[in-house]
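Dear colleague,

Please find below the structure that I am handing over to you, together with its sequence. My notes on it come after the model.

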Amino acid sequence: MQTDISLSQFLAIQEKGVSAWEFQPELEIANCFVEARTEIEFYDSECSVQTNLPVPKQNDVYYWEAKIYDKPENTLISIGMTTKPYPLFRLPGHRRYNQPFTPTPYGPPLSQGDVIGVGYRPRSGTIFFTRNGKKLEDVVHGQKAQNFFPTIGANGPCTVHVNFGQMGFVFIEANVKKWGLAPMTGSLAPPPPYGSEQGSILLESGRESAAQISQRVYQDANNARTSSTVRIAPSASPGPVRSPTDISLAQLAHIPSNEDAGEGSSRINVGDGEHTPLLNTQDIDLAPPPEYSSPDSSRRGSEDLPRQNQPPIPSYDAAVGNRDGNPSRPSGNN
């Protein structure tokens, strides 16, 4: 299949650098999980996983390393490079699987903690390996036409972390000569460090958006003053404490104008759903109330009668004598 690096992939490499490479497992087939682009965790069945981009061919040498973590004794790990398409249900390996009856050994068996490096020379088509910083013999030659993809496979539980050049290599020659698949950082600027966000286009646009939102809220508040309905939110503080005998005429003295409550408004919304009618100046009689005068039949009106028409006030003795109904007989015992 056509696996040459396309123009979009080349631009992605220019922008992202070595971060453009990542392992992409087939979720329907592969029995593994990839985290942080290059950290692979295998499970209980045999499978392999390839990268999204092949190894380039512009430089003299390209190199990458894989470190083995959490490898049980009965788990077989295979590290190498393959072409696409490649069956993801089998492990990569030229020397062993191409000669199943008489497999050719290559280096010591892999164990937990080992760092395996894979190098590729595009001009001669040579692939070589390293183990814990020491170069091993070349594997093949003349592999120039194919596009090779870094591939990791295992038949049991284990964890493998791959370094494409985002950090230093264990193999000193590759580390000094910078044989990684691409530079550590591309042309795409990294995010600004903490405390140095000045000049950031993203943060400046965020500040502008916040300013626009605050301005819109301020305009909405001004428009609410001229709307036909005014909402009064309940006050958070209870207000001044008044004595039971304190008489406040604030409700009668305060008459909202049309500017505050809006023309034609008849109610003020208090809280949620409570309506209190407004005081209308037409319903208040500004003239003083008339003076009160008692009716003619009241007792108070008797004070205004002439003195000659009033009956005489009886004395105390007469009042006491009338208690028995006989005014002539005195009360009490002699």
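The notes below cover the nonpolar cores, one buried polar residue and some backbone features.

This is a predicted model, in which local features need pLDDT of at least 70 and side-chain atom pairs count only at pLDDT 80 or more, whereas totals for chains, interfaces and linings use all residues. Residues are numbered from 1 along each chain as its sequence is written, and side-chain values use heavy atoms, with hydrogens and water left out.

The largest nonpolar core (buried Ala, Val, Leu, Ile, Met, Phe, Trp, Tyr and Cys residues joined through side-chain atoms within 4.5 Å) has 37 residues, of which I40, F42, W64, I152 and V162 touch the most other members. Strand β4 (residues 62–69) supplies its largest share, four residues; strands are DSSP runs of E, at least two residues, and are numbered from the N terminus. Apart from this core lies another, of seven residues, including V61, Y63, F128 and W179.

Q50 belongs to strand β3 (residues 47–50) and is buried, with a relative accessible area of 6% (buried means under 20%, exposed over 50%, partly exposed in between, with a 1.4 Å probe and protein chains only). A polar atom of the Q50 side chain lies 3.3 Å from the backbone oxygen of T83.

As to the backbone, the peptide bond from K84 to P85 is cis, with omega near -5°. In the loop between β1 and β2, R37 has a positive phi of about 70° although it is not a glycine. R37 is partly exposed, at 26% relative accessible area.

With kind regards

How values were computed
A polar contact is a pair of N or O atoms within 3.5 Å; within protein, one must be able to donate a hydrogen and the other to accept it, and residues adjacent in sequence count only if both atoms are side-chain atoms.
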